[in-house]
Amino acid sequence: MTKQTPEAAAALSVANELRAELARQRKTAAELAAVLGITQHTMGKRLNGSTTFNLIELFQAAAWLGLSLEEIARRAELAEKKALGEARAAA
């Protein structure tokens, strides 16, 4: 098993938070892809963490979701810390 870099872990946490916010707002990945001007295939890669969002995409996604980029980052960081704590507790 390869160890994930901190950058990759952070990018995945942001993608996870965007997916969660889409679900909370009952919006689809296809709708977000249209807003960002990318294909649904590319959006899928962004949301599953295999490709990172670029900064402009993150700003556009946050604005469309009615959130600040800082709020998305804060939520992603909290989720990452929670997951790390749970992993340590299970070990």
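Which residues of helix 5 are buried? They are Leu69, Ile72 and Ala76. Keep in mind that this is a predicted model. Here is a quick tour, starting with helix 5 and then moving on to helix 2, Glu17, Arg26 and the rings.

**Helix 5, end to end and side to side**
- Helix 5 runs over residues 69–90, and at 1.5 Å a residue its 22 residues should span 32 Å. Its end C-alpha atoms turn out to be 32 Å apart, so the expected span and the model agree.
- Back to the buried residues of helix 5, Leu69, Ile72 and Ala76. They cover an arc of only 65 degrees around the axis, which means they sit on the same side of helix 5.
- A handy bit of background: an α-helix has 3.6 residues a turn, so residues three or four places apart point the same way.
- Now flip to the other side of helix 5, and you'll find Glu70, Lys81, Lys82, Arg88 and Ala89 exposed.
- As for what covers the buried residues of helix 5, the list includes helix 1 (6–24) and helix 4 (55–65).

**Helix 2 and its buried face**
- In helix 2, the buried residues are Leu32, Ala33 and Leu36. Look down the axis of helix 2 and these residues fall within an arc of 105 degrees, so they line one face of the helix.
- What do the buried residues of helix 2 pack against? Their partners are helix 1, helix 3 (40–47) and helix 4.
- Right after helix 2 comes Gly37, with a positive phi near 75 degrees.

**Glu17, a buried residue in helix 1**
- Glu17 is part of helix 1. Is Glu17 buried or exposed? Its relative accessibility is 9%, and buried means under 20%, so Glu17 counts as buried.
- If you skip its neighbours within four places in sequence, Glu17 is in contact with Arg24, Ile72, Arg75 and Ala76. Two of those names should ring a bell: Ile72 and Ala76 are among the buried residues of helix 5.

**Arg26, out in a loop**
- Where is Arg26? You'll find Arg26 in the loop between helix 1 and helix 2 (29–36).
- Arg26 isn't a glycine, yet its phi is positive, at about 55 degrees.
- Arg26 has a relative accessible area of 78%, and the cut-off for exposed is over 50%, so Arg26 is exposed.

**Rings**
- How many aromatic pairs does the structure hold? The count is 0.
- Trp64 does have a charge over its face, though: Lys27 lies there, 4.3 Å from the ring centre.

Note on methods
Residues are numbered from 1 along each chain as its sequence is written. This is a predicted model: local features need pLDDT of at least 70, side-chain atom pairs count only at pLDDT 80 or more; totals for chains, interfaces and linings use all residues. Side-chain values use heavy atoms; hydrogens and water are left out. Helices (H or I, at least four residues) and strands (E, at least two) are DSSP runs, numbered from the N terminus. The expected span of a helix is 1.5 Å times one less than its number of residues. Buried means under 20% relative accessible area, exposed over 50%, partly exposed in between (1.4 Å probe, protein chains only). The arc is that of the directions from the helix axis to the C-beta atoms. Contact means heavy atoms within 4.5 Å. Rings of Phe, Tyr and Trp (its six-membered ring) pair if their centres lie within 6.5 Å; planes under 30 degrees apart count as stacked, over 60 as edge-to-face and the rest as tilted. A charge sits over a ring if NZ of Lys or CZ of Arg is within 6 Å of the ring centre and within 35 degrees of the ring normal.
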